[in-house]
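Please look over the sequence and the structure below before reading on. The paragraphs that follow go through a helix, the nonpolar cores, the salt bridges and one loop.

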Amino acid sequence: MGIDFRAKVTRRAAGLLVRSLLFAAAAVLLMAWALPAAAGDGLDTFLARATPAEFFSGAERFGPPQGEPPIAPVYRRGDLLGHVYLNSDFGNATGYSGKPIKLLVGIDTGGVIRAIKLVDHKEPIVLIGIPEARIITAMNALIGKDMTAVASGAERPPQVDIVSGATVTVLVMGDSVVRSAVRLLRSGRLSGRAVAAAAPTEERRIEDGPGTVRSWDELLGDGSIRRLSLTVGEVNAAFAAAGNAAAAANAETEDPGETFIDLHVAPVSVPTIGRSLLGDEAYARLAERLKPGRHAILVAGEGAYSFKGSGYVRGGIFDRIELQQDGASTRFRDRHHTRLGALAAEGAPDFREIALFVVPEEFAFDPAEPWQLELLVQRAVGAREKAFLPFDLGYGLPERYIRRAATAHTQGQAPAAAAPDAATAPASAAPADPFGEPLWQRIWKANAVPVAVTAAAIALLTLIFFFQDMLVRRPRLFVWVRRGFLVFTLVWLGWIMNAQLSVVNVITFTSALITGFSWEYFLAAPLVFLLWFAVAAALLFWGRGPFCGWLCPFGALQELLNNLAQALKLPQLRLPWGLHERLWPVKYIIFLVLFGLSLHSVALAEQAAEIEPFKTAIILKFARSWPFVLYALALLAIGLFVERFFCRYLCPLGAALAIPGRIRMFEWLKRWPECGSPCHRCAKECPVQSIHPEGHINVNECIYCMHCQELYHDDQRCPHMIQLRAKRERWRAQNSPAVEGKAPNRPVITHGGKPVAVPAET
């Protein structure tokens, strides 16, 4: 028996070693393949495929790239004509595909954009639908634009020509070019002198204190709420004036007097405005959510046209509205958005759409200074063609909310020194980066509290796993510890912080390894990064169970609803083992299909990944179009009768985690020799049927709920433990003192055939 046991251990150790070596070898090969690709996506690589004359007429050569991010000078007979740079080196240029859209931009020393060349992208809409030439033509609207006035704040950012069907792609490209040019001009790297906005003579700050609650009419009357009201006829006239008769003739309604849109906007991070429109309770929640220096605006609309549209559902970006201030602009994504049902202000009308947007951290927004919300009107002019027209809604915060103070310059202090001239500055001195520390560092600092809470929760879960035996011996305590942790996962990690991992993360990470890995992209989402780090570590110890069973918000939602269903005595369906065994591989097939799609198109794979209801149920909290909501609700409804139905049979993320989970190094789930033969109690009570009839646990399917470990230690339910308890009780009965004062049963020792008294201590 001992020899067989040692042989089994040896075989298992050898198998584990072989799997570990194979995994390590695969990882090394993948990294070896990925690193050259990553190294080949820089400015040098793309300059080698271009000619200087493509960017400046008569140019003869590129100089070596300089500085960080790098820019390459362009010369004609020794004269500096300007510079060429890669837009993705200067900021976010990520499109639908999850990959940066890379453009080479030529800009002269005066700040005028001279040429733009599309050099690399993975956008599916361009690859398989819209000709690339149309995208290039749209971007050419920026050529010849002087960005100096934009960088100084004297002019608003120029706009690209929108291409029907590729709105988000073109907007991302245009934004990246404008923002990178502004950053270069403000850094002084083009001409040796930085361009800055005119220094204000006084500092304007938002009011202190809690503010007062005011009615809708009062807020609208003094400009606290700004309004843009357009009729269908006015929009028709605007399209006609722009020379687009087809769009003017294709109105949304036949009545030109009907409201096209009645748009209202207000900064709700201002206390009086926020309390009035949101109510005290909602404003308090917003104030807790906003970090220092962060702001939020409210947008409400009524009429035939939606300011939200449907682009944010497909691509996560609100492409119909843009926030602009001081020569910079930003668009909101679904993670910045909260849908509201009604406004709290007295006399507020009912709006069809009300949205609360938190201004992105990377956008330096000051509500005390003038800003604009640009509405992009889209109108169909054919089966697939659309026309576009922008309308501006300007905003200036009323004086009643502003405190004024003289700036340091007006108080007699010397103004800040100008940027050094290129001729006198040391050659090795790098220009100051006006954007400061990396964005991901700012994000982590701003999210210090959520990061600390998440880290503490992961530490607690680690303690639960390491000391699981102590906890499962107290079943009632363990049940409430588990349910409490699941509530935390669902409410705080999921609905509040939106830290729901997805198979899209796996696809994006794998694609990044192949095409060019960058830590900054993944560090930009602190909680998601922290959770993935914890999951990766847990895979070595416990497999996929810690995430699927404890840290997945949608999994927690399923289990908590099923607990409620059981409390309400709803019947629980247990699939026959043969059917169950044939259904659980379905999720692996789904994952392989998604992975295969990602090799062709990451964007297509992300769209197919909607088989995960995570975005609908957790991120957007069911505020989505009805097909998505119906699908998520259907899965949850099935889960009331078949516990964790989606986790068991459909979840591609669970399948993706189960594959590397095979390399786990420890076996924490204990079994008795009788498990599976003849006893099947654990197998019958496993909530996800991860225990085979033979008694062994399939860790690929196990969610580590530890129910089997409760049974393992329970001498009232586990047959093995019941037998041990019976033996203990018999032994105690035989070796315990008599009840009515009789001497205890003691062993009898004889000497020479005669009994010898044994001391009580013996």
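A residue is called buried when its relative accessible area is under 20%. The model shown here is predicted. In helix α14, the residues that are buried are Pro450, Val451, Thr454, Ala457, Ile458, Leu461, Ile464 and Phe465. They lie on the same side of α14, because the arc they cover around the axis is only 145°. An α-helix has 3.6 residues a turn, so residues three or four places apart point the same way. The length of α14 can be checked as well. Its 19 residues, 448–466, should span 27 Å at 1.5 Å a residue, and the end C-alpha atoms are 27 Å apart, which agrees.

Phe465 of this helix leads to the next topic, the nonpolar cores. The largest nonpolar core has 78 residues, and those that touch the most other members are Phe465, Phe547, Trp550, Phe554, Leu653, Tyr704 and Met706. Helix α19 (residues 526–541) supplies the largest share of this core, with eight residues. Another core lies apart from it and has 59 residues, including Ala247, Tyr283, Val299 and Val358. In soluble globular proteins, nonpolar side chains tend to be buried together. What does Phe554 contact, leaving aside neighbours within four places in sequence? Phe554 is in contact with Gln500, Pro613, Phe614, Ala617, Ile618, Leu636 and Phe646.

Charged side chains come next. The structure holds 18 salt bridges. One of the residues to follow is Glu559, which counts as buried because its relative accessibility is 7%. Glu559 forms a salt bridge with Arg482, at 2.7 Å from N to O. This pair links distant parts of the chain, since Glu559 is in helix α21 (residues 553–567) and Arg482 is in helix α16 (residues 475–496), 77 residues apart. Arg482 is buried too. The side chain of Glu559 also meets that of Arg644 in a salt bridge, at 3.0 Å from N to O. Arg644 lies in the loop between α26 (626–639) and α27 (645–649), so this pair ties together parts that are 85 residues apart in sequence. With a relative accessible area of 0%, Arg644 is buried. Elsewhere, Arg214, Asp222 and Arg400 are joined into one network by salt bridges that share partners. A further salt bridge connects Arg331 and Glu322, whose closest N and O atoms are 2.9 Å apart. Both Arg331 and Glu322 are buried.

The last stop is a loop. Ala93 sits in the loop between β3 (79–86) and β4 (102–108). Is Ala93 buried or exposed? Ala93 is buried, because its relative accessible area is 3%. The C-alpha atoms of Ala93 and Leu171 are separated by 9.8 Å, while the two residues are 78 residues apart along the chain.

Conventions: Residues numbered from 1 in each chain as written. Predicted model: local features only at pLDDT ≥ 70, side-chain atom pairs only at ≥ 80, totals over all residues. Heavy atoms only, no water. Helix = DSSP H or I, 4+ residues; strand = E, 2+ residues; numbered from the N terminus. Buried < 20%, exposed > 50% of the residue type's maximum accessible area, 1.4 Å probe, protein only. Expected span 1.5 Å × (residues − 1). Arc of directions from axis to C-beta. Core = buried A, V, L, I, M, F, W, Y, C linked by side-chain atoms within 4.5 Å. Contact = heavy atoms within 4.5 Å. Salt bridge = Lys/Arg side-chain N within 4 Å of Asp/Glu carboxyl O.
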